[in-house]
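Thanks for coming, everyone. Please bring up the structure on your screens, and let's walk through it together.

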Amino acid sequence: MKTIKVMLNVNNEKVTLQVKPYETLLETLRERLSLTGAKESCSLGSCGACTVLVNGTPMRSCLILTPEVEGASITTIEGLKNGEKLHPLQQAFMEKGAVQCGFCTSGMILTAKALLDRNKKPEKRDIVKTMSSNICRCTGYKKIIEAVEETSKK
Amino acid sequence: MENLKVVGKKIPKLDAPLKAAGVAQYIQDIKLPGMLYGKILYSKYPHANILKIDTSKAEKLAGVKAIVIAKDMPPNFRIGFMKDNPPLKSKKVLSIRDEIAAVAATSQEIAEEALSLIEVEYEELPGIFDPLEAMKEGAPILHEEAKSNVLKLPWRLVCGDVEKAKDESAYIAEDTFSTQWVTHCCLGTSGCIAHFDMQNNLTLYSNTQIPSLAQNDFVEALNAFGLKNRRVRIIQAVIGGGFGSKLDTYAYEYIAILLALKTKKPVKIIFTREEEFFATSPRQCTITKISQGCDKEGRLTFREVEMILDNGAYTSWGATTPSVMMLPISSLYKVPNVKYTAKCVYTNNTYCQAMRGYGNPQATFAIESNLDQLAEKADIDPLEIRRINANEPGEITPQRFKITSCGMKECIEEVAKRLNWKEKRGKDKGRGVGMASLIHVGGGARVYKSDGCGTIIKMDDFGKVDVFTGASDIGQGSDTVIAQIVAEVLGIPIEDVNVINNDTEVCPWDVGVHASRTTFVAGNAALGAANRIRQQILDAASKIFEEEPSNLDIKDSIIFSTKNSEKSIPLGKVLRRIHYTTGGKMLMAEYFYDPANENFDKEFKGNLSASYAYGTHGVEVEVDKETGKVKILNYIAAHDVGKAINPLLLEGQIYGGGLQGIGYALGEKMIYKDGRLMNGNFLDYKIPTVKDVPPIQPVIVETEEKEGPFGAKGIGEPGLVPTAPAIANAIYDAIGVRIKDLPITPEKVLAAIKAKEGEKKI
C-alpha cells in the first residue's frame, strides 16, 4: 500500500512517520506512537474524547487525516505533565472530583487548556460555551466547570 | 463517629491522577502479542428467515484468519436471562442487532472488508414492533417454543385489598403514563479481548461490572464448547462507564471467545459508537396504568398499577426490572393496599437491559406524577400530601420491607425550604415548582442467592496494605471508598492503601456493581477485614506494651496507649518485630460480608435490602409558552445517604445522576422505526452537555444507618430516579398541562398548551 511520509512535532519531540493516506491523526497517535490518552468514542467529531491540540488549537483527531497536519505541533494529554508534575488543570480535575470513569477526561483537559491559553481569566459563560463541545456521561459537568474555574484563578 | 480522619472527607478518586494524565488503560488501549481483530455481521432485517450464508469470498481475503457462523457455536447454546438468545443466529433473525457471522483478521480494516464480502440471503418477514400488537390474538409468535409473545414471568404483587380500599377512598386519581427507550451512552464503548493459553484456559480482558457472574457464564460456555474443567480469568481494564450496561454477558463476548479458540490467538472486539447504540441494550419503554386513592385527610388508601414493557427480541435483565419497580409501587410513601401486575412482551425491537435505577425511574414517574393528580383532586398541596404519607423509620411496608433509617421527611422539608415552595407554588404564570421522592435499595439487594462481597487485606513490613476486593470500579469511586474505610480502621494514611479490584484470579467473589450496593456491601466487607487486621496489630502491640489491646489505638501509623500517652511505637516497627523472628508472621485477613437481607418469597414479599435509600428532588421551571421550551431555574436534590463516606464522590453521583435524569425527562429518546434505530449517534441522540446543567444543589441528609459501614447507604442510582416526575409536576404548576409521555419535548408541551387553549375556547 502507498504510504506518505509525514513529519510531526508531538509533545516537543520530532517524529517522522510513514502513514496511510487516509490515516487519521487519532490512529497515528494511538497505533503508531502508543499515545493512547486520546480516546476514540464516536469517530464523528461529536464527543470530543479524541481532542488534541494542533498548533495550540483543540481539534478532533478522529476527523483529521495525518497527512493534512504535516509539520504541525501536536500536544496530547501525555505532553501536559512537567516532568513528574501534573499540569495545574490535571491537578484540578483530580482534586475537584471532575474525573469519574475518565474516558472523556483527556479531551476535556486539552479543550480547557486551549481556552486558558488564549484567555487566562475566562468568565464562567466562556468556560461553559467552550466546554460544551465535549460530552461527559458521568459527572454532570459541574465539577469539570469548577476545575477549570479553579485553575483560571491561579 | 467523631474524630474520623479519612471517612467523611473529600478525598479525590484514587485513580484520578492516572486518568487525568491519560495513562489509564481502557479495553481500547490494551494490545496483546499476535492479537487479531474481530468484527460482527448483523442482520439486515428486524425479522427474517436466513436462507443462505456464503462466506467463501471473505475467506479468500488476505489477513482473514477465521470466519464463524452459527454452526461453529455449540448446538443449542443460548445466552440471556431465559436462555433464548443464540450468540450467532442460524435460521431466523428477530431483531436488527442479531448476530449472523463474525470475522477475525489481522487488522480492523481487513475484518471490516471481510464482513462486506459475506453474502446472506434473507426472506423478510413482517415484524411486530408494538407490544400491544404483539399481545393480540393471532399475532405472529417470535419464539415459537414459547407459544406466546408475553414472557412467562409472574410479575404480580398483591398487598391488602385494593378493591375494598377503592370503595372507601374519598378521592381517586387514575391515568396512564409512558416512557421511552434511552441508552447508557458510556463514553468507552463495549469490548473485550479473549485469549486462551496452551491448556485452553481462558483469560478475558473485559469491562464487565459483574466479574464473578461473568466468570460463571464463560465457564458454562467453555463446557458447551467441550472444554471441561478449564479455568476462566476475568481481568477488567479501566472501565469507561457502566450505568448497568455491563451487567450481563453478551453475544460479542462469546463470539470473541469462539474466534480466539478457532485461531489460537488473542481476539479483540471493540464496538464502534454506531454498534454501541444499536447493538447494546437500552432501558425499556413502558406503558403504565396507575390509580391511587386517599381519604379525606389525604392519607393514601391504595395504589394499583398495571404495566406493559417492550422487552424486545431476547431476554436480559431488562425482563426482571418489574421486581425492582415493585419497590416504589409498594413502599414509596405509606400505602396500605397495593396491586401490581406487569407483562414483558417480545417484539422485533432491540432487547432491554438494566440501566441506572433498574425500572425505578419508570415506576416513580407514574407514581409521583399521579400523586400530584390525586393531591389536586383532594385539594391538598402536593408538599402536604407527601408530608402526610412520608415513610418513617421503624415501618414495615406492605411488601415486608423493614425500614431502618429513613430521612424522607427531612429530604421533603429541605426541598420545600430551599425551593421556597410556599412562595413559588401556583403563583407566577409560566413559572412553577414541583417535587418527587424516591425509595431505592440502599443496603444491597438479594436478587441472587448471595448478595455478598469478599475482601482480603495483606499488610507489609511498613504498614502499607494491599486490599483485594471483589467490588468493581466503573468510575463511581468504590476504590476510594474502600480505601478510606480501611485507612480509617487501621489508622494509616490513605496513600498507604492500594486497592486491587480487577482480576478474578486474585480478588474474592462479589455479585457485581448493581443495586447501589457497593459502598454498603463491599464497604462492610472491607470494614470486616480491616477490623480483623487491626485486632492482630493490637494483640501484637499489647505484648510489647504490656497493656490490654482495648487500651490501644492507632493513628498516623503509630500505635499508642490511650491510658498512657508516653507509650507509643510506630506501626512498622511492630510489624517487623513480629515478622522477623522465629515462627514469625505477616498480617493478613479476609472477610466475606453478606447482608442480612431476604430473597422475595413466591408472592414477591420479603426484606429485599438491609436498608433503604430515600431522596426528594424539587425543581423550579419556566416554560416558554411560545416555544414549549422548559428551562430549569433551580434544582434541589436531597438524599438520605446514611453517612457520606466521601462527600466529593457523593456529590459526583448526585450531579451525574441528576443530569442523566434531566436528559431522560426532557430530551433523550432512541427513535426506533420498524425495528431500526433512526438516531444512533451523538449528533442525533442528544445527551445533555454542560450547557444543559441547571443550578443544581445537592443536599446530603445523614441518618446514620446502623447496618452500614460508618453508617452509609447506597447512592449510585437514586440521583436520577425522581427527576422526571419532579420536572413534570413543576411544568404542571407552571402552565397547567401535564405531560404523561417521556421525554417532555417542547413539541409535546406546545401541543398540550394548544390543546388546553382549544378546550377553553369550546
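**Cavities, pockets and sheets**

Let's start inside. The largest cavity holds about 580 Å³ of space. Its lining counts 39 residues, and those closest to the centre are Gln476(B), Gln653(B), Ile715(B), Gly716(B) and Glu717(B). One caution before I go on: this is a predicted model.

Which helices supply at least two residues each to that lining? They are H14 (478-490), H15 (518-545) and H17 (647-666), in chain B. H17(B) gives the most, with 3 residues. By class, the lining of the largest cavity has 17 nonpolar, 17 polar and 5 charged residues.

How many cavities of 30 Å³ or more does the structure hold? The count is 5. The second largest has a volume of about 160 Å³. It is lined by 21 residues, and closest to its centre are Ser190(B), Tyr250(B), Tyr252(B), Phe271(B) and Thr280(B). Two elements of chain B, S1 and H7, give two or more residues to this lining. H7(B) gives the most, with 3. The classes here are 8 nonpolar, 7 polar and 6 charged.

Keep S1 and H7 in mind. Both come back in the next part.

Now the sheets. Chain B has an open sheet of 7 strands, with mixed pairing. Read across, the order is S3-S5-S1-S12-S9-S10-S11. The edges are S3 (64-69) and S11 (232-236), and each of these pairs on one side only. On average, neighbouring strands of this sheet are turned by 20 degrees against each other, direction ignored.

Look at the S3 edge. S3(B) runs antiparallel to S5 (residues 99-105) of chain B, and 5 bridges join them. For a landmark, find Ile67(B): opposite stands Val103(B) in S5(B).

Which helices lie across these strands? Take H6 (residues 211-224) of chain B. H6 lies across S9 (191-196), S10 (202-206) and S11 of chain B. H6 runs at about 140 degrees to S11(B). Then take H7 (residues 251-263) of chain B. H7 lies across S1 (36-42), S3, S5, S9, S10 and S12 (267-270) of chain B. The angle between H7 and S9(B) is about 30 degrees. This is the H7(B) that gives 3 residues to the lining of the second largest cavity.

Chain B also has an open sheet of 3 strands. The order is S4-S2-S6, and the pairing is antiparallel. S4 (92-93) and S6 (119-124) are the edge strands, each pairing on one side only. S2 (residues 48-54) of chain B pairs with S6(B) over 6 bridges, in the antiparallel sense. The landmark here is Ile53(B), which stands opposite Val120(B) in S6(B).

On to the pockets. What is the volume of the largest one? About 1,100 Å³. Its lining has 35 residues, drawn from chains that include A and B: nearest the centre lie Glu27(A), Glu31(A), Glu40(A), Gln108(B) and Glu112(B). Which elements supply at least two residues each? H1 of chain A is one of them. From chain B there are S1, H3 (108-117), S12 and H8 (273-278). The largest share, 4 residues, comes from H1(A). By class, this lining has 9 nonpolar, 13 polar and 13 charged residues.

The second largest pocket holds about 680 Å³ of space. Of its 28 lining residues, Lys629(B), Val630(B), Leu666(B), Gly667(B) and Asp692(B) are the closest to its centre. S25 (630-640), H17 and H19 (746-761) of chain B give two or more residues to the lining. The split is 13 nonpolar, 5 polar and 10 charged. H17 should sound familiar: H17(B) also gives the most to the lining of the largest cavity.

Last item, salt bridges. Over all chains the count comes to 58. I'll pick out one. The side chains of Arg30(A) and Asp29(B) meet in a salt bridge, at 2.7 Å from N to O. This pair crosses between chains. Arg30(A) sits in H1 (residues 25-32) of chain A, and Asp29(B) in the loop between H1 (16-21) and S1 of chain B. H1(A) is also the element with the largest share of the lining of the largest pocket.

That's the tour. Over to you for discussion.

Methods. Residues are numbered from 1 along each chain as its sequence is written. Chains are lettered from A and ligands numbered from 1 in the order in which they are written. This is a predicted model: local features need pLDDT of at least 70, side-chain atom pairs count only at pLDDT 80 or more; totals for chains, interfaces and linings use all residues. Side-chain values use heavy atoms; hydrogens and water are left out. Two strands pair if DSSP finds at least two bridges between them. Axes are lines fitted to C-alpha atoms, for helices over the stretch in contact, and angles run from 0 to 180 degrees between N-to-C directions. Contact means heavy atoms within 4.5 Å. On a 1 Å grid over the protein atoms alone, a cavity is a set of points where a 1.4 Å probe fits but cannot get out, and a pocket is an open set with protein on both sides within 12 Å along at least five of seven lines; lining residues have an atom within 4 Å of a point. Grid points are joined across faces, edges and corners, and a volume is the space filled by probe spheres set on the points. Ala, Val, Leu, Ile, Met, Phe, Trp, Tyr, Cys and Pro count as nonpolar, Asp, Glu, Lys and Arg as charged, and the others, Gly among them, as polar. A salt bridge is a side-chain nitrogen of Lys or Arg within 4 Å of a carboxyl oxygen of Asp or Glu.
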